[in-house]
Amino acid sequence: MESWELIIIGAGAGGLAAGIYGARSGLKTLIIDEKMAGGTTADAPVVENYPGFPQIGGGELAERMTLHCKKAGVTIHEIEPVTGLDLAGERKIVKTSRAAYEATALIIATGSHYREIGVKGEKEFRGRGVSYCGVCDGPLFKGKRVLVIGGGNSAATTTLYLSGLAAEVVVTHRRGAFRAEDALVKDIASKENVQVFWNTEVREIKGDKLVTKVVLYDNKAEATKEIAVDAVFVQIGEAPNSQIAREAGLDVNEHGYIKTDVFQRTSVAGVYAAGDVTSHPVKQVGTAVGQGITAALEAYSYIRRPYYRG
Ligand code: NAP
């Protein structure tokens with residue numbers, strides 16, 4: 001079994017920040033991710049609130065973080081799903097699709113995944129007009145009419161990104177106002193090719209080979225109508241990727257997010273969590289980075305014991 005001092009599961013913003021601090025502290029550090037490094041930051045159409053970068057593509061920011069991490073000396077294993085953890089002993093065991101590893105400390109930074117709306121047609125047309133990632137699939141719908149579902153920051157940033165590609169962007173939100181940041185809401189209001197349907201729910205996605213229309217329900221007027229669209233971007237939030245952690249016995253809250261204290265310690269000594277998988281109420285690249293840094297410094301303290309808190 002390969003032996004490491006620190007293993008980080010997840011190569012998103014939190015995991016990569018933890019990697020940089022772990023390796024720079026001198027820890028033999030491995031990051032394992034089931035996908036390519038970058039996490040959901042790489043899916044962000046544009047990031048405008050990460051200090052030092054007034055505007056940067058999520059893909060570029062994620063790539064810079066990954067390169068920085070490798071330069072710091074971290075080994076990154078990509079496309080290697082973790083299949084189980086054994087946290088019972090002094091050494092933490094990480095089993096993956098390829099091998100088993102042991103480490104003195106672990107940081108879980110597995111992030112979150114996109115939530116589905118659960119309407120008829122959503123699963124059927126996934127990849128055939130139904131998408132959860134504007135950056136990934138937006139360019140396929142250049143000059144078309146697309147629909148974005150949601151009222152938070154994800155829906156807002158995706159709407160703005162798509163407004164630069166599609167001929168028309170229709171946004172449906174089940175309430176009468178967005179919950180997204182003011183700056184984003186103002187930007188949306190200034191776009192001539194964006195139309196917002198307030199108090200509107202998508203009830204069904206229809207098509208033949210590809211998406212062609214959606215059934216909308218106006219929950220104020222209590223009226224149903226169909227409109228033609230070429231794509232549906234579901235942007236209604238996320239849920240934690242915490243299954244492996246839950247199975248290993250870590251405490252999670254009622255929504256499945258891993259509980260941590262301010263030092264990012266979980267319910268098991270030597271195991272830390274950082275980023276969107278944790279119960280921290282703010283889900284931002286900056287907060288994930290901060291949590292990753294705290295987790296790595298605490299893990300360092302646990303492993304090498306200079307200021308160990310117990
Ligand atoms: P979010 O803030 O939780 O917003 C989800 C939106 O989807 C809400 O408006 C919600 O409606 C709506 N919604 C939820 N379930 C729905 C359903 N079944 N059908 C229709 N609509 C539904 O999620 P998010 O926008 O993905 O953001 C997640 C986190 O990432 C937040 O902390 C956010 O700040 C952060 N983020 C930040 C940025 C940024 O640029 N700062 C960008 C992306 C994400 P209600 O309003 O009615 O609840």
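Here are three short exercises on a predicted model, each with a worked solution.

**Exercise 1. Follow strand β5 and its neighbours**

Find out which strands pair with β5, and in which sense.

*Solution.* Start with β4 (residues 82-86): this strand pairs with β5 in the antiparallel sense, over four bridges. For a concrete contact, pick Val 82, whose bridge partner in β5 is Thr 96. A hairpin of five residues takes you from β4 to β5.

Now go to the next strand, β6 (residues 100-108), which runs antiparallel to β5 and is joined to it by four bridges. Here Lys 95 has Ala 100 in β6 as its bridge partner. This hairpin has three residues between β5 and β6.

One last check on β5 (residues 92-96): four of its five residues are buried, so count the strand as mostly covered.

**Exercise 2. Read the order of a sheet**

Work out which strands stand at the edges of the open sheet of five strands.

*Solution.* Write down the order first: β8-β15-β9-β10-β11, with parallel pairing. Then look at the ends: β8 and β11 (194-197) each have a single partner strand, so one side of each lacks a neighbour in the sheet.

Zoom in on one pair: β9 (residues 145-149) and β15 (residues 231-234) are parallel and share four bridges. Within this pair, Val 148 has Phe 233 in β15 as its bridge partner.

**Exercise 3. Place an arginine**

Decide whether Arg 115 is buried, partly exposed or exposed.

*Solution.* Locate Arg 115 in the loop between β7 (112-114) and β8 (130-131). Its relative accessibility is 40%, so Arg 115 counts as partly exposed. Arg 115 also helps form a positive surface patch, together with Arg 174, Arg 175 and Arg 179.

Terms used
Residues are numbered from 1 along each chain as its sequence is written. This is a predicted model: local features need pLDDT of at least 70, side-chain atom pairs count only at pLDDT 80 or more; totals for chains, interfaces and linings use all residues. Side-chain values use heavy atoms; hydrogens and water are left out. Patches are made of residues with over 30% relative accessible area and no salt bridge: like charges are joined within 9 Å, nonpolar side chains (Val, Leu, Ile, Met, Phe, Trp, Tyr) within 5 Å. Accessible areas come from the Shrake-Rupley method with a 1.4 Å probe; for residues, only the protein chains shown count as cover. A salt bridge is a side-chain nitrogen of Lys or Arg within 4 Å of a carboxyl oxygen of Asp or Glu. Lys and Arg count as positive and Asp and Glu as negative; His and the chain ends are not counted. The place of a charge is taken as NZ of Lys, CZ of Arg, CG of Asp or CD of Glu. Helices (H or I, at least four residues) and strands (E, at least two) are DSSP runs, numbered from the N terminus. Buried means under 20% relative accessible area, exposed over 50%, partly exposed in between (1.4 Å probe, protein chains only). Two strands pair if DSSP finds at least two bridges between them.
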